Every structure is written in C-alpha cells, then in structure tokens.
Amino acid sequence: MPLQSSQFSHVDPTIRPYVQRTPADYINQIEPEIRASLNQQQIQEFERILYQALPKPAPKIVDLRFGIDLILTRFFIVLMVGQDRRKRPRQYPTTPLTRIGNVIAAVVLLVSLNLTISLTLFLSAYLVKSALGINLFPGHLWSIFQ
Amino acid sequence: MPVLFLFCTVSGWWMAALAIWPLWLGTVGITLYLVVVGSGAIALSNGWVMFLIATAIFKGHYPAFWPPDQPYQYWATLLLTLWGVGVVVVFLLGLQSQSLKQLPHRKRQVRRLNLLLLTWAGLCLGYLAYRLNLLT
C-alpha cells in the first residue's frame, strides 16, 4: 500500500539533519502506543541495529561545496579530502555508457580546473614579481604574444 | 551598497583607461547574471574577472595618460589591485543579490532592479569620468 503523507504526521519537523541523527531520534518517531508496547530489551536491540545502519561520515580535512547556476540549470561542485575508512569498495550500479560519460566529464572538469588554477597562479605570480620590480627576462610578457 | 557603487565606479574608470572596449559588453552581461542568479554566479563571474586581467596582461593594455617612462611596477600593482576590486565587486553583488531571495517576489524584483541600476550607474559614471578627463 502506498504511503500517505498523513501517515507521517507524527514526525517531528524539528528533527536533526540526517548525518547528526542518533538511534533515539528514530525510536522517538514510533507511534506512542507501539513504543509503549516495547520492552527495554527490544528497544535496545532496535537501537543497536539502527546504530549500524546510521551513516558515520569521516572527518574531512577539506570540505568545499559550492554551486554554479547557469540560469537554465544548476550544478553543485563538492571537493572533499579525508581519511578513507571504507573497508570494501563502494558498488555503483552504472551502465558502460554512463561510466564512459562520467570519465569524459571528470577529465574535462579536471583539465578545466587545472588550467584555471594554473592560469590564476601564473598571472598572480607574474604580477607580484613585476610589482616587486624583478625582471627575469628582457622585455614584457605581451611582447611575446604580439 | 556605497562600497559596491564606489568599486564599480573605480572599475569603470580603469576599464575605460585601459581601453578594454570589447569586454565591456561581457562585463555588463556578467553583472546582470550576478544580480539575477545570486551566489551561484560567483564562481563563473570570478572566471570572467580573471579573463579581463589576463587580457590586459597578454595584450599589454596600458593607460594612455601614463608617461612612457612610468615604472613597470605601477602597471603590475594596478592590475593586482583591479583584480582584487573585481573579486570584491563579484562577491558583493552575488551575496547582495542572494540576500534578496528572502523577500517577496514583487519587492525582490524592485530591489534587484535597483541593484542592477546602481552597478551600471557606477560603471557608466567611471567611464564618463574618464572620457571627460576627470581625475587624469
């Protein structure tokens, strides 16, 4: 039977964000009469199972998230660096076509990002060098391009 | 708002002085994009600022009123400062526009239009100040 929104009317709207939830947050969402019918041992067992199922995100050294809005569509970019605590490789159910598309998109993004960062570093280093009056080569940079 | 207006005027004046004419249209478009989209436009708009600075460096745009024997350091310091000003303008405009998203539709549209007019007025004022030989 499909779930109706009215079936969740007892869910607390002020509940904590997904990654911060504890087993007790879920136990407290059980209908009060059903909750009252459970003994302490059953509740502890529920809590044990829920604890295993809850996400335990690793602490991130770098956690950079920002969005790019192209008016017609929006993208988000996430860059995370942290210790890998996963014991088994994560399985992604993808088709070969999707995998090829992902690789192409990842390469294009990485190359673009690399070029942007390299250009930013080069231009800022060149301007700082010039502002300090350091001349490594005779002439100006633009004379090379003209 | 006054800081944004001032920085837009400074940017407009120096863009006119450095004679980066074909990029004016792009700059006007980027300000429109920032006002419409908000903080989601900051990343790409910073790319545009970098493109402007890169154009000035690689094509050797130099203020016409500076004497030929002007030390090269001044030009580099000027471009570094303009880069900083450009980044500040992008962030101010993007974040200001983002804060307007909390407002009701009608009020938001009016405030957005005001923000856009303020930005364009700053750029135009800077351009006119240069063309009328003010501050040179």
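This section describes the fold of chain A, its surface patch and salt bridges, and a helix contact in chain B. The structure is a predicted model.

Chain A comprises 5 helices and 2 strands. Read from the N terminus, its elements follow the order α-α-α-β-β-α-α. Of the 146 residues in this chain, 11% are classed as buried. The accessible surface of chain A amounts to about 12,500 Å², and carbon and sulfur atoms contribute 64% of that area. Among contacts in chain A with a separation of 6 or more, 25% are between residues 24 or more positions apart.

A nonpolar patch on the surface is formed by A:Ile61, A:Val62, A:Leu64, A:Phe66, A:Leu79 and A:Val81. Together these residues present about 510 Å² of accessible area. Strands β1 (60-69) and β2 (74-82) of chain A each provide at least two residues of the patch, and β1(A) makes the greatest contribution, with 4 residues. Within the patch, A:Ile61 belongs to strand β1 of chain A, whereas A:Leu79 is located in strand β2 of chain A. A:Ile61 has a relative accessibility of 71% and is therefore classed as exposed, the threshold being over 50%. For A:Leu79 the relative accessible area is 44%, so this residue is partly exposed. When residues up to four places away in sequence are not counted, A:Ile61 touches A:Val81 and A:Gly82; A:Val81 is itself a member of the patch. By contrast with these contacts, the C-alpha atom of A:Ile61 is separated by 23 Å from that of A:Ser118, a residue 57 positions away along the chain.

The loop between β1 and β2 of chain A contains A:Ile71. Most residues other than glycine have a negative phi. A:Ile71, which is not a glycine, nevertheless has a positive phi of about 65°. The relative accessible area of A:Ile71 is 56%, and the residue is therefore exposed.

Side chains of opposite charge can pair when their charged atoms come close. Over all chains, the count of salt bridges comes to 2. One of them joins A:Arg48 to A:Glu45, with the closest N and O atoms 2.7 Å apart. Both residues, A:Arg48 and A:Glu45, are situated in helix α3 (residues 40-53) of chain A, at a spacing of 3 residues, or about one turn of the helix. A:Arg48 is partly exposed because its relative accessible area is 41%, and A:Glu45 is likewise partly exposed, at 38% relative accessibility. A salt bridge is also formed between the side chains of A:Arg65 and A:Asp63, with an N to O distance of 2.7 Å. Here A:Arg65 is exposed, with 54% relative accessibility, while A:Asp63 is partly exposed, with a relative accessible area of 41%.

A charged residue in another setting is A:Lys129, located in helix α4 (residues 96-131) of chain A. Its relative accessibility is 16%, so A:Lys129 counts as buried, the limit being under 20%. Apart from neighbours within four places in sequence, A:Lys129 is in contact with A:Ile134, A:Asn135 and A:Leu136.

Turning to chain B, two packed helices are described by the angle between their axes and the distance between the axes. The axes of helix α2 (residues 24-37) and helix α4 (residues 72-99) of chain B come within 7 Å and cross at roughly 30°. From α2(B), the contact involves B:Thr31, B:Leu34, B:Val35, B:Val36 and B:Val37, which meet B:Val90, B:Leu93, B:Gly94, B:Ser97 and B:Gln98 of α4(B). The residues of this contact comprise 6 nonpolar, 4 polar and no charged.

Helix α3 (residues 42-58) of chain B contains B:Ser45. With a relative accessible area of 0%, B:Ser45 is buried. Leaving aside neighbours within four places in sequence, the contacts of B:Ser45 are B:Ile30, B:Tyr33, B:Leu34 and B:Val90. Two of these residues, B:Leu34 and B:Val90, also take part in the contact of α2(B) with α4(B). B:Val90 is 45 residues from B:Ser45 along the chain, yet their C-alpha atoms are separated by 6.6 Å.

How values were computed. Residues numbered from 1 in each chain as written. Chains lettered and ligands numbered in written order. Predicted model: local features only at pLDDT ≥ 70, side-chain atom pairs only at ≥ 80, totals over all residues. Heavy atoms only, no water. Patch = residues over 30% accessible without salt bridge, like charges linked within 9 Å, V, L, I, M, F, W, Y side chains within 5 Å. Areas by Shrake-Rupley, 256 points an atom, 1.4 Å probe, with all protein chains shown as cover. Salt bridge = Lys/Arg side-chain N within 4 Å of Asp/Glu carboxyl O. Buried < 20%, exposed > 50% of the residue type's maximum accessible area, 1.4 Å probe, protein only. Contact = heavy atoms within 4.5 Å. Axes fitted to C-alpha atoms, helices over the stretch in contact; angles between N-to-C directions. Nonpolar A, V, L, I, M, F, W, Y, C, P; charged D, E, K, R; others polar.
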